[in-house]
Amino acid sequence: MGKAIIFLMFLIAGFFTRAYSIELSLILLGLSIVVISREIYPYIVHMMHGGLPLNHLECLRKICFSYSGNKPCVYLGFQVLDCRHGCYDLNEKDFWLSSLSFFSTAFTAGGEYIFITVKGEMFIVLKVCEYEGKRIKDELKSMREAFLRGFELLGCSYRVLAGSELKGLLRPPELIEVKTNPVRQLLTLISTILVSGLFPPLVVILALEILALSSGKGIVYKVSIQNGGLKVWGLKKATVTYTYPSLREIYTRARVVYSIVSTIPFMAMRLKPAPWEIAASLDSHAYRVYEMGTALDKLSMLHESQKYFFASRRRWERREPVFLVNGLLIAPKEIRDTMERMGLHFEPDMLALKTLE
Amino acid sequence: MVLAGDVIPVLSPLAVVPPREEGQGILLGVDDKGRNIYLNPYSLPNVHGVILGTSGSGKSTLSRHIILEAREKGVKAWVIDPHGEEAYKRLFDNSIKMTVDKINILSIPGWSHEEYASELSRYIELIYAYYGSRNVIRKLILRCLKEGSLSPMEKFVDEDPDISRLYDDLIRIHGDAPTIAELSDRDIYFYFPTMVSQEIGRLSIQVLLLLLQGYRRSQGVKKRLEQIIILEEAHLFSKYLLSLYKEIRKWGYSLIAISQLPREFDIRLYQLAGFVLVLSGSESYIRDIAALFSITNDEKDHVLFASRGTALFFRQGDPRPRKVFLRIREEAFS
């Protein structure tokens, strides 16, 4: 909302200042595009490539690998087959304690973890990127050990995915490969250059096009239109992070997810344990905003600080680990709306497919 | 940035992964996730089962469904039904009206004379309340077996009213044919005339089950399930069922005991059974079930608030009952 207002302010100011100074007007209009560049970038990527480029994925017997820039990445996948208990037969306390101990032990060895849910089936992919082959091997090994320890604690059985299965998950059938059209890319660039000569603020668009082209190594995918009603949604915000939900609330959400999970066509969440500084920033931000709020006597700031205090209390009192998260949902709007009520706000975002990289 | 509690409801395997389900076997229905629920004889330690449900909950309909499903898989079925239901009869080409149609109870493959006489006399003592007469009865049965007829017993009819009663009942059951070997190979519905004393009913069923036990034993160990016996009003044989449940798994047949209330059976029967199917019933009935198995409120509600068509399915080795919405075959309905 804030961004939209700033964009409009720059845009209107750009038009009104035109009579006084053309240069100032053009700068303001250019700035208005800069403000919304993040929002329009996915469309530019789509315009340049006809979809979204994802890293090329090669798979062997049990693992897949790709390159993130020049850094090799290795993926190892598991399917969760069965757990001794679930939210269907546990009470909220037991559900919470088991799940928390899983999240506190299984994801402690660095790397990234991609949770994929396909129509009620659950897969977890371990991902590690390192320059040295030996380090990749060591890190993957320790990730695997920690992860399986967590599984044991949770009482779940699993199987290791074959490379081909893993590839099918990271490049699901909802995605179809698209051939890039170099002629179209060239024509788009030339026309933008020509138009930005006449209207300089479009230089920002040109820069975004070049950025999109440079990030376009790999295979381009788009969501198949045959899957009617499916849309690509990206996780924008966890609206529950700055609250202090009771265990009962968390349990109830889990029960709702359990009841709808078989209807979710595809959901992927990439978790990365947050570095200590980021996790600790919850506290410092809460204090800072509180101090500012009291100094300025601003209720809104005091309220904001309270929200951060909630998150901070969860970290200290309930020992909840902090993660950095990316989310992708390929689903109809109804599922997205349900996830919203679960505290996860998704918006249409083609770039969210990058969660699978 | 998220805290674990934000993603646990969505990413914890405990919130996503349902209990693993069989992909084959006897189809019972679907669970609350819409998955087919099967009774797979080969994934259970034994296929002896118990079906419970109050009157009108659909126990017999479910057992007819199981018979039809089992038949498709090449498994023969016997139904032993003290009441005699037309709906069962329709499913069978062969039916035997016990005490009217005879069976040979003195041809006893798989049993030695002594062993059979001992076993039968033990149950006769219980059924007729002839306490203390077990050895006398045993001796008489032994003589009958040796001579191949009931005539040794006939000699004592005028002397002892208890023997007279027993003889009267046995003569109504016994005939030269068919033998147990002939019966065992067929799908048969055993039933009784409407008015029959409880003693002769229980004696007939007891003899039938003993004969089958011996015959199947004589056929040697079987790897696959060949025959299921559905026993209505099974609580009348609670003690005998215990010994059957312990012994007969390896002989290739299984016994499904049907009754109304969980308390009617010895608790050990539930500990031995490979599966238990609980149909709907009253609140106190469900409380009794909850005393036997750990069930959640959801699971209680599943069988409490539906009068028909729902069941809880317990399997040995899996403490999580499945909430089944039964998918009964059309032909199974009465």
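**Strand pairing in the sheet of chain B**

In the predicted model, strand E2 (residues 26-30) of chain B is joined by two bridges to strand E12 (residues 318-326) of chain B, and the two strands run antiparallel. Within this pairing, B:Gly29 has B:Leu326 of E12(B) as its bridge partner. Strand E2(B) is also joined to strand E3 (residues 36-39) of chain B, here through four bridges and again in the antiparallel sense, with B:Ile26 standing opposite B:Leu39 of E3(B). These two strands, E2(B) and E3(B), form a hairpin in which five residues lie between them, and B:Gly34 in the turn has a positive phi of about 85°.

Strand E12(B) is further joined to strand E11(B), the two running antiparallel with five bridges between them; in this pairing the bridge partner of B:Phe313 is B:Arg322 of E12(B). The strands E11(B) and E12(B) likewise belong to a hairpin, with two residues between the strands, where B:Gly317 takes a positive phi near 95°. Strand E11(B) also pairs with strand E10 (residues 275-279) of chain B, in the antiparallel sense and over five bridges, and B:Val278 stands opposite B:Leu312 of E11(B) in this arrangement.

The surroundings of strand E11 (residues 310-315) of chain B are mostly covered, six of its six residues being buried. This burial applies to both faces of the strand: B:Thr310, B:Leu312 and B:Phe314 are buried on one side, and B:Ala311, B:Phe313 and B:Arg315 are buried on the other. Thus B:Leu312, which stands opposite B:Val278, and B:Phe313, which is bridged to B:Arg322, lie on opposite faces of E11(B).

The pairings described above form part of an open sheet of eleven strands in chain B, ordered E3-E2-E12-E11-E10-E4-E9-E8-E5-E7-E6, in which the pairing is mixed. Strands E3 and E6 (94-97) of chain B stand at the edges of this sheet and have a single partner strand each, so that one side of each is left without a neighbour in the sheet. From one strand to the next, the twist averages 25°. At the edge formed by E6(B), the partner is strand E7 (residues 188-191) of chain B, to which E6(B) is joined by four bridges, the two strands running parallel; B:Asn94 has B:Ile188 of E7(B) as its bridge partner. The parallel pairing of E6(B) with E7(B) and the antiparallel pairing of E2(B) with E3(B) are both found within this mixed sheet.

Methods:
Residues are numbered from 1 along each chain as its sequence is written. Chains are lettered from A and ligands numbered from 1 in the order in which they are written. This is a predicted model: local features need pLDDT of at least 70, side-chain atom pairs count only at pLDDT 80 or more; totals for chains, interfaces and linings use all residues. Two strands pair if DSSP finds at least two bridges between them. A residue is buried if 20 or more other C-beta atoms lie within 10 Å of its own, exposed if 12 or fewer, and partly exposed in between; C-beta atoms are placed from the backbone. Axes are lines fitted to C-alpha atoms, for helices over the stretch in contact, and angles run from 0 to 180 degrees between N-to-C directions.
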